[in-house]
Amino acid sequence: MEELTASRLGNRIRLLRERNALSLNDLADASDVAKSSLSKIENGEVENPGLRTLAAIAKALSVTVRDLLERDSHEKGRHRPKPTAVEF
C-alpha cells in the first residue's frame, strides 16, 4: 500500500471540493477551517492537518475521514453519494 503524502491528501481534498462545486471560500465556511489553512492543505504544505481538521473537511464534503485517507475510493473516480433521509 502506498503512503499517503501531504500532496496526495491535498489533491484528493481539492478533487472532492471541485466535484461538490465548492469554492475554497465555500469549503472554509462549511468546515469552519480557515481558507488559508485549506489552501495550504490542498497544496501539500501541511504534513499532518490533524484529525479534527480532517473530520471537519470530510463532513463538509459529505465523506468520511477514511474516504479522505484511502487511496482507492477517489483516485479510481468513485464518489460516495450523499446519504439520504429514510422515513418510516
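**Exercise 1. Place Arg-17 and decide whether this residue is buried or exposed.**

Solution.
- Start with the element: Arg-17 sits in helix H1. The model is predicted.
- Next, take the accessibility. Arg-17 has a relative accessibility of 10%.
- Apply the cut-off: buried means under 20%. Arg-17 therefore counts as buried.
- Now list the partners, leaving aside neighbours within four places in sequence. Arg-17 is in contact with Leu-22, Ser-23, Leu-24, Leu-27, Glu-42 and Leu-61.
- Cross-check two of these partners. Leu-27 and Leu-61 are among the residues with the most contacts inside the largest nonpolar core.

**Exercise 2. Describe the overall fold of the protein chain.**

Solution.
- Count the elements: the protein chain has six helices and zero strands.
- Read their order from the N terminus: α-α-α-α-α-α.
- Turn to burial. Of the 88 residues in the protein chain, 32% are buried.
- Consider contacts with a separation of 6 or more. Residues 24 or more positions apart account for 57% of them.
- Finish with the surface. The accessible surface comes to about 5900 Å², and carbon and sulfur atoms hold 48% of that.

**Exercise 3. Find the largest nonpolar core and state which elements build it.**

Solution.
- Size comes first: this core has 17 residues.
- Name its best-connected members. Ile-13, Leu-27, Leu-38, Ile-57, Leu-61 and Leu-68 have the most contacts inside it.
- Assign the elements. Two or more residues come from each of H1 (6–19), H2 (24–31), H3 (35–42), H4 (51–60) and H5 (65–69).
- Pick the main contributor: H4 gives the most, with four residues.
- Inspect one member, Leu-68, not counting residues up to four places away in sequence. Leu-68 touches Leu-4, Leu-9, Arg-12, Ile-13, Leu-16, Leu-54, Ile-57, Ala-58, Leu-61 and Val-63.

**Exercise 4. Which residues of H3 are buried, and why do they line one face of the helix?**

Solution.
- Identify them: Leu-38, Ile-41 and Glu-42 are buried in H3.
- Look down the helix axis. The buried residues of H3 fall within an arc of 95°, so they line one face.
- Recall the helix geometry. An α-helix has 3.6 residues a turn, so residues three or four places apart point the same way.
- Find the cover. H1, H2 and H4 are among what covers the buried residues of H3.
- Step past the helix end. Just after H3, Gly-44 takes a positive phi of about 75°.

**Exercise 5. Where do Ala-21 and Ser-62 lie, and what is the phi of each?**

Solution.
- Take Ala-21. Its place is in the loop between H1 and H2.
- Ala-21 is not a glycine, yet its phi is positive, about 55°.
- Its relative accessibility is 69%. The cut-off for exposed is over 50%, and Ala-21 counts as exposed.
- Take Ser-62. This residue lies in the loop between H4 and H5.
- Ser-62 is not a glycine either, and has a positive phi of about 60°.
- With a relative accessible area of 23%, Ser-62 is partly exposed.

**Exercise 6. Locate Asn-25 and give the separation of its C-alpha atom from that of Ser-36.**

Solution.
- Place the residue: Asn-25 lies in helix H2.
- Check its burial. Asn-25 counts as partly exposed, at 42% relative accessibility.
- Follow the chain: Asn-25 and Ser-36 are eleven residues apart.
- Read the separation: their C-alpha atoms are 9.6 Å apart.

Key: Residues are numbered from 1 along each chain as its sequence is written. This is a predicted model: local features need pLDDT of at least 70, side-chain atom pairs count only at pLDDT 80 or more; totals for chains, interfaces and linings use all residues. Side-chain values use heavy atoms; hydrogens and water are left out. A nonpolar core is a set of buried Ala, Val, Leu, Ile, Met, Phe, Trp, Tyr and Cys residues joined through side-chain atoms within 4.5 Å. Buried means under 20% relative accessible area, exposed over 50%, partly exposed in between (1.4 Å probe, protein chains only). Contact means heavy atoms within 4.5 Å. The arc is that of the directions from the helix axis to the C-beta atoms. Accessible areas come from the Shrake-Rupley method with a 1.4 Å probe; for residues, only the protein chains shown count as cover.
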